[in-house]
Amino acid sequence: MSTEPTLDLPPAQQARSRLTQQRILEAGTALLEEGGTEALTVAAVASRAGVSVGSVYRRFGDKDRLLAALQHDMIDQFRADIIQRFAPLRTDPAALVASAVTGLTETYQAHERLMRVFLAAGATDAAVARVGSEAAMDAKRVFRQFLEPIVLVIHAPEPELRLDVVYRLIYGTCQNRVLYGELFESDRSLTWRQLTDELVGVACLYLLGAPAR
């Protein structure tokens, strides 16, 4: 299975056509969340969306292209969610760091079920992995841009390196949790909220030399 084909999908011009396209995407997303990529078939999507098989083929082509469209749709929503969640109550450095870390972890939590499907698929599908890597790097750019105001107060020879390491730490921690759950590497139970609070503390100490407030 590969999502390598380019997504030169015809635009849905009319309102009814756009609605049908959205129903197909929602149906495909639900099937992926419930049963992974094995549950995703053109026939199953058509049945779930209440459209003909031909409608799915006309808009998305075969299963590989449909899977690629669903991955891109998830990435678009993920990026929009991150930006929306990057909303600090204050503008001091610690508050900005807390908002950035929390924005990432909460977005991973919100998309946990579907993210797990694509992370697992990426282990055997190079195209899925490539698109996922591109999305991760885009999220890093959003993260880095948001933390631009604190660069000058990072007391380290290479502040950019520190920002990169913090992003990698959060990214890797969230991905591990999404894939394996909270008790994979430790028998200590941590909710998403507790994990987020601890990551905020680590990030503040590493970047700012002071604990989160």
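This report describes salt bridges in a predicted model of a protein and the confidence attached to that model.

The mean pLDDT of the protein is 91, and 94% of its residues reach 70 or more. Residues 1-5 stand apart from this, since their pLDDT is below 50, although the stretch has 18 contacts in the model beyond near neighbours in sequence. Where pLDDT is low, the predicted coordinates should not be read in detail.

The count of salt bridges in the model comes to 14, and three of them are set out here, among them one between Asp-164 and Lys-140.

| Acidic partner | Basic partner | N to O distance |
|---|---|---|
| Asp-164 | Lys-140 | 2.7 Å |
| Glu-160 | Arg-144 | 2.6 Å |
| Asp-197 | Arg-193 | 2.9 Å |

The side chains of Asp-164 and Lys-140 meet with 2.7 Å from N to O. This pair links distant parts of the chain, for Asp-164 belongs to helix α8, which covers residues 159-180, while Lys-140 belongs to helix α7, which covers residues 126-146, and the two are 24 residues apart. Asp-164 has a relative accessibility of 15% and therefore counts as buried, because the cut-off for that class is under 20%. Its partner Lys-140, with a relative accessible area of 30%, is partly exposed.

A salt bridge also joins the side chains of Glu-160 and Arg-144, at 2.6 Å from N to O. Because Glu-160 lies in helix α8 and Arg-144 in helix α7, this pair ties together parts that are 16 residues apart in sequence. Here the acidic residue Glu-160 is partly exposed, with a relative accessible area of 41%, whereas Arg-144, at 18% relative accessibility, counts as buried.

The salt bridge between Asp-197 and Arg-193, at 2.9 Å from N to O, is found within one helix, namely α9, which covers residues 192-208. The two residues are four apart in that helix, so about one helical turn separates them. Asp-197 is partly exposed, with a relative accessible area of 42%, and Arg-193 likewise counts as partly exposed, at 41% relative accessibility. Both residues take part in a network that also includes Arg-85 and Glu-106, the four being joined by salt bridges that share partners.

Taken together, the pairs Asp-164 with Lys-140 and Glu-160 with Arg-144 each connect helix α8 to helix α7, while the pair of Asp-197 and Arg-193 lies inside helix α9.

Methods: Residues are numbered from 1 along each chain as its sequence is written. This is a predicted model: local features need pLDDT of at least 70, side-chain atom pairs count only at pLDDT 80 or more; totals for chains, interfaces and linings use all residues. Side-chain values use heavy atoms; hydrogens and water are left out. Buried means under 20% relative accessible area, exposed over 50%, partly exposed in between (1.4 Å probe, protein chains only). pLDDT is the predictor's confidence in each residue, from 0 to 100. Contact means heavy atoms within 4.5 Å.
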